[in-house]
Amino acid sequence: INLLKKFPKMKFIFAHMGLEYYNIVIEMALKFKNIYLDTSFQAPKTILKALQNLGCERLIFGSDFPLVKQETTLNILKTSIKDNSVLERILSKNIIELLGLS
């Protein structure tokens, strides 16, 4: 938390949404707008919880490839999120903006 406070303009990506600590990470992301969460190795219910709490702008697609096939994680997102504009943000737009490639 000290790093988040010390560098409020720096963007932090929490891989795997913190794995089993996803509740804590989502709570932290509510307080710190510079936290982004990647979707890799998370269940649909966890991704939906993050989406409901944070919106789609700070979620980033992560596949955990080569440990998990990209097709598997894409299917998790596609079956969990029916709104194509939200899906597009998570799959590409958010990381493009975060990296300043837009």
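# From strand β3 through the fold

Residue I60 lies in strand β3. The model under discussion is a predicted one, and I60 offers a convenient point of entry. Is I60 buried or exposed? I60 is buried, because its relative accessible area is 5% and the term applies under 20%. Which residues surround I60, once its neighbours within four places in sequence are left aside? The contacts of I60 are I13, Y36, L37, D38, T39, I90, N94, I95 and L98. One of these partners, I90, stands 30 residues away from I60 along the chain, yet the C-alpha atoms of the two are separated by 4.9 Å.

The strand that holds I60 belongs to a sheet. Three strands make up this open sheet; their order is β1-β2-β3 and their pairing is parallel. The edge positions are taken by β1 (12-14) and β3 (59-60), each of which pairs on one side only. Between β1 and strand β2, which covers residues 35-38, there are 3 bridges, and the two strands run parallel. Two positions of β1 may be followed across to β2: I13 has Y36 as its bridge partner, and F14 stands opposite L37. Helix α2 (residues 22-31) packs on the sheet and touches β1 and β2. The direction of helix α2 makes about 145 degrees with that of β2.

Strand β2 deserves separate attention. In a regular strand, side chains alternate between the two faces of the sheet. Which residues of β2 lie on each side, and are they buried or exposed? On one side are I35 and L37, on the other Y36 and D38; all of them are buried, and both faces of β2 are thus covered. Of these residues, Y36, L37 and D38 also appear among the contacts of I60.

The loops next to the strands contain some notable backbone features. Most residues other than glycine have a negative phi, and most peptide bonds are trans. M17, which is found in the loop between β1 and α2, has a positive phi of about 55 degrees although it is not a glycine. M17 counts as buried because its relative accessible area is 0%. The loop between β3 and α4 is the place of D64. D64 likewise is not a glycine, and its phi is positive, at about 65 degrees. The loop between β3 and α4 (70-80) also holds P66. A cis peptide bond joins F65 and P66, with an omega of about 15 degrees.

Beyond this loop comes helix α4, in which Q70 lies. Q70 counts as partly exposed because its relative accessibility is 41%. When residues up to four places away in sequence are not counted, Q70 touches S63 and F65; F65 is a member of the cis peptide bond just described. The C-alpha atoms of Q70 and Q42, residues 28 apart along the chain, are separated by 13 Å.

Charged side chains provide another view of the model. Side chains of opposite charge can pair when their charged atoms come close. How many salt bridges are counted here? The count comes to 2 salt bridges. In one of them, E88 pairs with K93, and the closest N and O atoms are 4.0 Å apart. E88 is partly exposed because its relative accessibility is 40%, and K93 is also partly exposed, at 36% relative accessible area. The side chains of E97 and R89 meet in a salt bridge with an N to O distance of 2.9 Å. E97 is partly exposed, with a relative accessible area of 44%, whereas R89 is buried because its value is 18%, on the buried side of the limit of 20%.

The description closes with a feature of the surface. Which residues form a nonpolar patch there? The patch consists of L3, F7 and M10, which together have about 280 Å² of accessible area. M10 is placed in the loop between α1 (2-6) and β1. With a relative accessibility of 43%, M10 counts as partly exposed. The loop that holds M10 leads back to β1, an edge strand of the sheet.

Technical notes: Residues numbered from 1 in each chain as written. Predicted model: local features only at pLDDT ≥ 70, side-chain atom pairs only at ≥ 80, totals over all residues. Heavy atoms only, no water. Pairing = 2+ DSSP bridges. Helix = DSSP H or I, 4+ residues; strand = E, 2+ residues; numbered from the N terminus. Contact = heavy atoms within 4.5 Å. Axes fitted to C-alpha atoms, helices over the stretch in contact; angles between N-to-C directions. Patch = residues over 30% accessible without salt bridge, like charges linked within 9 Å, V, L, I, M, F, W, Y side chains within 5 Å. Areas by Shrake-Rupley, 256 points an atom, 1.4 Å probe, with all protein chains shown as cover. Buried < 20%, exposed > 50% of the residue type's maximum accessible area, 1.4 Å probe, protein only.
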